[in-house]
Amino acid sequence: MTDLTRRKFLQATGASLATTSLLSAATSTPPLPSSGNHEGVVISSANGIETVNIAYQLMSEQNMRPVSAAIRGVAVVEADPNDMSVGYGGLPNERGVVQLDSSCMDGPTHNAGSVSCIEDIMHPAQVAELVMDRTDHINLVGQGARQFAIDHGFKAEDLLTERAREIWLKWRAKRTDDDRLWPLGDTVPADPALADEPRPWGTIHCSALNGAGDVGCCTTTSGLSFKIPGRIGDSPLVGAGMYCDNEIGSAGATGRGEAAIMSCGSMLVVERMRAGDSPEQACLYVLKRVAEQAQRASKWQPMLYRDGAPNFGLTFYAIRKDGTYASASMRGKPGSSKFAVADKNGARLENCAIAFA
């Protein structure tokens, strides 16, 4: 064997051993603590106080599986014309067309479904559920997703409300060439193209755990307002906008989708819980990882990182199989960021942990 061949062989063997060691560590699941809420719990972003209440009742009173309960819960937000970040009433893309993204995942089967850039369908999370249950695909996009929904009985309808249209027209009248690189802040900043009105953005994530210890989750959104047509964020991407593992728990994200995508954030939260982190520790760990990534990227995109912290909002939500739960946001003052929770004690808002206060 020549020196060159031997060197390649040793390099390949070393890489294989390292990969095997990494996989062994990742699949070694420590026992979860016995304490926790074993009667079930549902969490969501702060715009889901009604969502978590509905989902919890569907699980506890009708024995609905967690993923379906979460999907029925977010439906109230998808149908709310006053929530301009999800479904009906959501802000359109730069051409004035509402395009929706959604995904869901079922813990017991470890199956998932999602739709991206779907138009004219008010409840994309329910379409994602059909993709999960009735196909062997994971993601349907655009016209294919729309036709799939119509074929399964969904009604095509105009999702652009007059209020959303007015905001889009105001933005379009004063837009600049830099709008596609608009910097997201930790709070919604004033947008000059909207005469200094806030530029709405948002999403809803919902994770659910039932009394049997099964988990499920979904995330649904109209995405970044005035986005380039065809743009998808993290919401329809398994492992980014949401992820669950029935052995460990469930997690999801809202905020800057690109950051959640590049960090595989929701899956990483679940894997940190697998390694022994509490839900809060796991969420904060991933936010710090995202911050490191943003700091490196700021060499080319200086708007991403300012004053020692990321210059954008991102929040993770997590439930562990033992019933413990938490949420953590990238930036803000203590108590400034909330998330919704429902359990045997009812529905309420609780404080998110803050990575950079």
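This is a short talk on how the strands, helices and cores of one protein model are arranged.

Good morning, everyone. Before anything else, please keep in mind that what you see above is a predicted model. The protein has 357 residues, of which 52% are buried, and its secondary structure comes to 9 helices and 17 strands. Its accessible surface is about 15,800 Å², and carbon and sulfur atoms account for 52% of that surface. If we take the contacts between residues at least 6 apart in sequence, 65% of them join residues that are at least 24 apart.

Let me turn to the sheets, with one general reminder for those new to the topic: strands of a sheet pair through backbone hydrogen bonds, and they may do so in a parallel or an antiparallel way.

One sheet is open and has 8 strands, which follow one another in the order S4-S3-S2-S8-S7-S1-S15-S16, with mixed pairing. Which strands stand at the edges of this sheet? They are S4, residues 139-141, and S16, residues 346-351, and because each of them has a single partner strand, one side of each is left without a neighbour in the sheet. From one strand to the next, the twist averages 10 degrees.

Within this sheet, strand S2, which covers residues 100-106, runs antiparallel to strand S8, residues 215-221, and 6 bridges join the two; if you look for Ser103, you will find it opposite Thr219 in S8. Two helices can be placed against these strands. Helix H3, residues 66-78, lies across S2, S7 and S8, and runs at about 25 degrees to S8. Helix H4, residues 124-134, packs on the sheet and touches S2, S3, S4 and S8, while its direction makes about 135 degrees with that of S3.

Towards the other edge, strand S15, residues 338-343, pairs with S16 in the antiparallel sense over 6 bridges. These two strands form a hairpin with 2 residues between them, and Ala342 has Ala347 in S16 as its bridge partner.

Now to another sheet, which is also open: 5 strands form it in the order S9-S10-S13-S14-S17, and here, too, the pairing is mixed. Strand S9, residues 242-245, and strand S17, residues 353-356, stand at the edges with a single partner strand each, so one side of each has no neighbour in the sheet. Neighbouring strands are turned by 15 degrees against each other on average, direction ignored.

How do S14 and S17 run with respect to each other, parallel or antiparallel? They run parallel, joined by 3 bridges, with S14 covering residues 325-331, and Ser329 stands opposite Ile354 in S17. Helix H8, residues 265-274, packs on this sheet and touches S9, S10 and S13, its direction making about 145 degrees with that of S10. Helix H9, residues 279-297, packs on the sheet as well, touching S13, S14 and S17, and its direction makes about 25 degrees with that of S14.

Finally, the cores. The largest nonpolar core has 43 residues, and those with the most contacts inside it are Val269, Phe312, Leu314 and Phe316. Which element gives the largest share of this core? Helix H9 does, with 7 residues. A second core, separate from that one, has 23 residues, among them Tyr56, Ala69, Val74 and Cys218.

Thank you for listening.

Note on methods
Residues are numbered from 1 along each chain as its sequence is written. This is a predicted model: local features need pLDDT of at least 70, side-chain atom pairs count only at pLDDT 80 or more; totals for chains, interfaces and linings use all residues. Side-chain values use heavy atoms; hydrogens and water are left out. Two strands pair if DSSP finds at least two bridges between them. Helices (H or I, at least four residues) and strands (E, at least two) are DSSP runs, numbered from the N terminus. Axes are lines fitted to C-alpha atoms, for helices over the stretch in contact, and angles run from 0 to 180 degrees between N-to-C directions. Contact means heavy atoms within 4.5 Å. A nonpolar core is a set of buried Ala, Val, Leu, Ile, Met, Phe, Trp, Tyr and Cys residues joined through side-chain atoms within 4.5 Å. Buried means under 20% relative accessible area, exposed over 50%, partly exposed in between (1.4 Å probe, protein chains only). Accessible areas come from the Shrake-Rupley method with a 1.4 Å probe; for residues, only the protein chains shown count as cover.
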